Each structure stands twice: as C-alpha cells, then as structure tokens.
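Good morning, and thank you for making time for this short presentation. Please look at the sequence and the structure as they appear, and I shall then take you through some selected features.

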Amino acid sequence: MMQSLVWLTILWVALWGEPSPGNIAAGLAVAFLLEMAFPTGARTRHRIRPVAAASFGIYMLWGVVVSSMRVIVAVLRPTPERVSVTMVDVPLRSTSESVVSVTVNTISLTPGTLTIDHDNESNVITVHVLGVVDETQFRAQMLDHERRVASFLVPRRQTAEDGPR
C-alpha cells in the first residue's frame, strides 16, 4: 500500500506541476482515499519469459494478418458462410487473472473475433466469430492461444523476502 501511495502522490504532484506542501498533502489525501475506495488486495506477480513473449508476439502478428485477410475477403466478396456469425463458448484452463485477461484481450485484438463474456465461476469465455467455423477446431485454437499466453506470463512464487503483496 505504501508504494502505491507514494506513486499516486507523485502522479498528483506531477499533474499539478508544482511540488508545494499543499499539493503534496492533497496528493497523499487523494491517494489514501483511492486506496481505501479501491483496495487492491493480494496480487500475484508474474514473470515474463522474453523468448516465449517474442514468440507470442510473432504468433499474434501472423494471426492479425491472416484474420485481416479473411475479413477483407468477407467484405469484398460476401457469401452467407463468410458473413454469418457464430458464438462459441470456450472453457479456459488457466485460473490466473492475468493470463485470462491477456487471453481474452488478445482474442479481441484479432479481426473477426470478439470476446463477448467471461463467466468467472465456470471460467468460460464466449467468443463472437465472423463466418462459419468448426466449433471444436475453434475451441482448440483458443486453448492453444491461452497456452501460448500462459507460456510467457508465469506466476512468481512468493518468498519470505517478498513480504505480503
């Protein structure tokens, strides 16, 4: 909590542009009120594996290019199969909030797909897909996508030196 109080106060003072005692006191007060109103609780820290992250970046770039081409074809040469929509429920394996968040957001970044919902209890996402798709194959692709995210975003183990988060 102390670290976030300091950073929020620094941000407040920087936004006001003058490090006066009044701005510092007001920044601390606002930071404290924000911390009380929106407690962060225990957070899981993650380690990013650079090679796996680079591999995921290349995978995403290729996915965006291929999906963009499919959307362009659907727009320029529409057929009922290309312009129909499908809603697919995909049960995710990961329980990490960060992995799920990156997964659903990168799915939505890909043209032709949009994550509509995530049910926290069942850990199932609903994805809106442009065109007719084989749902089993699409689920397998989304689970592979999630696996790739989980391969570069790995939860750290908390040690005694880390203290409470």
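I begin with an aromatic group: ring pairs link F56, Y59 and F152 into a cluster. This is a predicted model, in which local features need pLDDT of at least 70 and side-chain atom pairs count only at pLDDT 80 or more, while totals for chains, interfaces and linings use all residues. Residues are numbered from 1 along each chain as its sequence is written, and side-chain values use heavy atoms, with hydrogens and water left out.

Let me state the rule for ring pairs. Rings of Phe, Tyr and Trp (its six-membered ring) pair if their centres lie within 6.5 Å; planes under 30 degrees apart count as stacked, over 60 as edge-to-face and the rest as tilted. By this rule the count comes to three aromatic pairs. One of them is tilted, because the rings of W12 and W16 have their centres 5.9 Å apart and their planes at 50 degrees. W12 and W16 are four residues apart in helix 1 (residues 2–16), and so are separated by about one helical turn. Helices here are DSSP runs of H or I with at least four residues, strands are runs of E with at least two, and both are numbered from the N terminus.

How accessible are these two tryptophans, W12 and W16? W12 is partly exposed, with a relative accessible area of 24%, whereas W16, at 54%, counts as exposed. The cut-offs are as follows: buried means under 20% relative accessible area, exposed over 50%, and partly exposed in between, with a 1.4 Å probe and protein chains only.

The rings of F56 and Y59 also make a tilted pair, because their centres are 5.8 Å apart and their planes stand at 40 degrees. Both residues lie in helix 3 (residues 50–76), three residues apart, about one turn of the helix. F56 is buried, at 7% relative accessible area, and Y59 is partly exposed, at 25%. Y59 has a further partner: the charged end of R148 sits over its ring, 4.1 Å from the centre. That description requires NZ of Lys or CZ of Arg to be within 6 Å of the ring centre and within 35 degrees of the ring normal.

Helix 3 also contains P50, which is exposed, with a relative accessible area of 65%. The C-alpha atoms of P50 and L153 are separated by 9.5 Å, although these residues are 103 apart along the chain.

I turn now to the strands. Two strands pair if DSSP finds at least two bridges between them. Strand 2 (residues 85–91) and strand 4 run antiparallel and are joined by seven bridges. Within this pairing, T86 has V129 as its bridge partner, and V90 stands opposite I125. What happens to the side chains along strand 2? They alternate: T86, V88 and V90 point to one face and are buried, while V85, M87, D89 and P91 point to the other and are not. In a regular strand, side chains alternate between the two faces of the sheet.

Strand 3 (residues 113–119) pairs with strand 4 in the antiparallel sense, over six bridges. V129 in strand 4 is the bridge partner of T113, and T115 stands opposite V127. Strand 3 and strand 4 form a hairpin with four residues between them. In that turn, N123 has a positive phi of about 60 degrees although it is not a glycine. Most residues other than glycine have a negative phi. N123 is buried, with a relative accessible area of 12%.

Thank you for your attention.
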